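Dear colleague,

Please find the structure below. My notes on it come after.

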There are 2 protein chains.
Amino acid sequence: MEYPSKLIERAVEEISKLPGIGKKTALRLALHLLKQPDSQVKGLAESLVELREQIKYCSTCHIIADKEECTCKVPYRDTSVICVVEDTPDVLAIRNTGQYTGLFHVLGGRISPMDGIGPDNIHIDTLVERVKQDQEEIREVVLALSSTMEGDTTAFYIAKMLKETGVKVSTIARGVPIGGELEYTDEITLGRSISGRTLFSTD
Amino acid sequence: MEYPSKLIERAVEEISKLPGIGKKTALRLALHLLKQPDSQVKGLAESLVELREQIKYCSTCHIIADKEECTCKVPYRDTSVICVVEDTPDVLAIRNTGQYTGLFHVLGGRISPMDGIGPDNIHIDTLVERVKQDQEEIREVVLALSSTMEGDTTAFYIAKMLKETGVKVSTIARGVPIGGELEYTDEITLGRSISGRTLFSTD
């Protein structure tokens with residue numbers, strides 16, 4: 001496409017580097033920004049640069065935070081359970097369910113030899129360290145990883161590493177999603193939901 | 001949603017002001033940017049601020065440009081036709097068809113009393129001026145406006161204003177889109193396509 005201005009062309013180029021945004025959407029966004037007050041555009045630009053420059057990761061749970069000490073140790077959290085997730089959005093998703101009040105541990109990825117990511121490239125060592133240090137307090141480690149080959153490999157590796165600590169290691173349930181019809185559920189999920197069946201309670 | 005960091009929260013707030021981007025997408029984009037090199041984030045931020053601060057509008061055709069004199073008068077353009085459009089994306093869309101080599105005139109909106117936009121708020125006066133000044137050269141003004149109440153009102157107003165100049169005023173064809181089936185075309189479009197039928201040429 002031929003752009004009417006080099007400034008537009010550069011902005012489109014930069015915006016379309018974002019995931020899920022093509023050249024057409026980028027152009028639409030750029031032209032939208034042109035019509036907005038100066039302060040809004042500056043606010044957006046500043047917030048992005050500040051985010052990138054000032055963000056910290058909690059030294060304990062590796063979650064994104066403003067300071068190196070995040071709120072992972074506030075008193076109302078159940079400090080006897082650690083939920084292990086791949087990335088920060090997973091933490092938000094699990095928090096939003098309201099079903100979990102324990103601690104978190106962000107791996108920052110998953111073991112994926114295809115992408116050159118081994119166990120040493122993600123925060124497994126600090127997890128083991130953390131469990132060892134608080135061995136009296138921590139009762140359980142919940143693995144909340146993707147249900148993919150890489151996620152399963154990562155879960156298996158972590159479970160093996162934690163074996164010597166004697167802590168209980170569990171994994172989130174796999175099965176038919178709530179609202180899902182059996183007819184449309186894929187065979188593997190259905191198979192897992194049968195092999196992982198739980199007692200039906202009438203209480 | 002509870003964000004793990006004030007910086008993330010602010011970035012999400014700013015990004016989600018963009019059209020078509022909700023809080024969830026904004027969070028995804030913010031977390032994506034965190035993983036990108038510093039230079040990319042700075043490049044994006046800079047390009048947006050520069051776009052907003054340095055952009056100019058051509059003083060003749062009001063198209064977005066780097067300088068106040070745009071390329072609207074390059075020799076390979078047909079300077080006897082002016083195509084009137086509402087906004088810059090329309091110019092790009094029409095240029096991309098390859099069916100038009102003439103000049104453009106960007107109104108910067110359309111007459112819409114509901115939104116408080118009258119004929120004086122868009123660049124109709126400069127269009128009339130332009131036609132009057134180049135009366136010998138300009139043969140035709142093509143109105144390429146939206147097929148809406150506001151677009152039609154604007155077209156009607158412009159045609160009336162140009163009447164005294166004696167220049168030919170045409171409007172782009174309305175009808176069944178290429179590839180469109182009659183069965184699924186709405187009644188108004190079909191009606192217009194019948195009343196505006198053209199001679200079928202077998203040459």
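The notes below cover the pairing of the chains, two helix crossings and the domains.

This is a predicted model, in which local features need pLDDT of at least 70 and side-chain atom pairs count only at pLDDT 80 or more, while totals for chains, interfaces and linings use all residues. Residues are numbered from 1 along each chain as its sequence is written, and chains are lettered from A and ligands numbered from 1 in the order in which they are written.

Symmetry. Chain B superposes on chain A by a rotation of 180° with 0.0 Å of shift along its axis, at an RMSD of 0.0 Å (least squares on the C-alpha atoms of residues with pLDDT of at least 70 in both copies). The two copies are thus related as by a two-fold rotation axis. Ala45(B) is the residue of chain B that comes closest to this axis, with its C-alpha at 2.1 Å.

Interface. Contact joins 47 residues of chain B to 47 residues of chain A (C-beta atoms, placed from the backbone, within 7 Å). Helix H3 (38-54) of chain B gives the most to the side of chain B that touches chain A, with 14 residues (helices are DSSP runs of H or I of at least four residues, strands E runs of at least two, numbered from the N terminus). That side of chain B divides into 28 nonpolar, 8 polar and 11 charged residues (Ala, Val, Leu, Ile, Met, Phe, Trp, Tyr, Cys and Pro are nonpolar, Asp, Glu, Lys and Arg charged, and the others, Gly among them, polar). The same surface serves both copies, as 100% of the contact residues of chain B recur in chain A.

Helix crossings. The axes of H3(A) (38-54) and H1(B) (6-15) come within 9 Å and cross at roughly 150° (axes are lines fitted to C-alpha atoms, for helices over the stretch in contact, with angles from 0 to 180 degrees between N-to-C directions). H3(A) and H1(B) are therefore roughly antiparallel (over 145 degrees; under 35 is roughly parallel, 65 to 115 roughly perpendicular, the rest oblique). Their contact has 7 nonpolar, 3 polar and 3 charged residues.

H2(A) (23-34) packs on H3(B) at about 50°, with the axes 9 Å apart, and the two are therefore oblique to each other. Ala30(A), Leu33(A) and Leu34(A) of H2(A) meet Leu48(B), Leu51(B) and Arg52(B) of H3(B).

Domains. Chain A has domain 1 (1-42) and domain 2 (76-171), with bounds from an automatic or database domain assignment. Their centres, taken over C-alpha atoms, are 39 Å apart.

Regards

Key
Contact = placed C-beta atoms within 7 Å.
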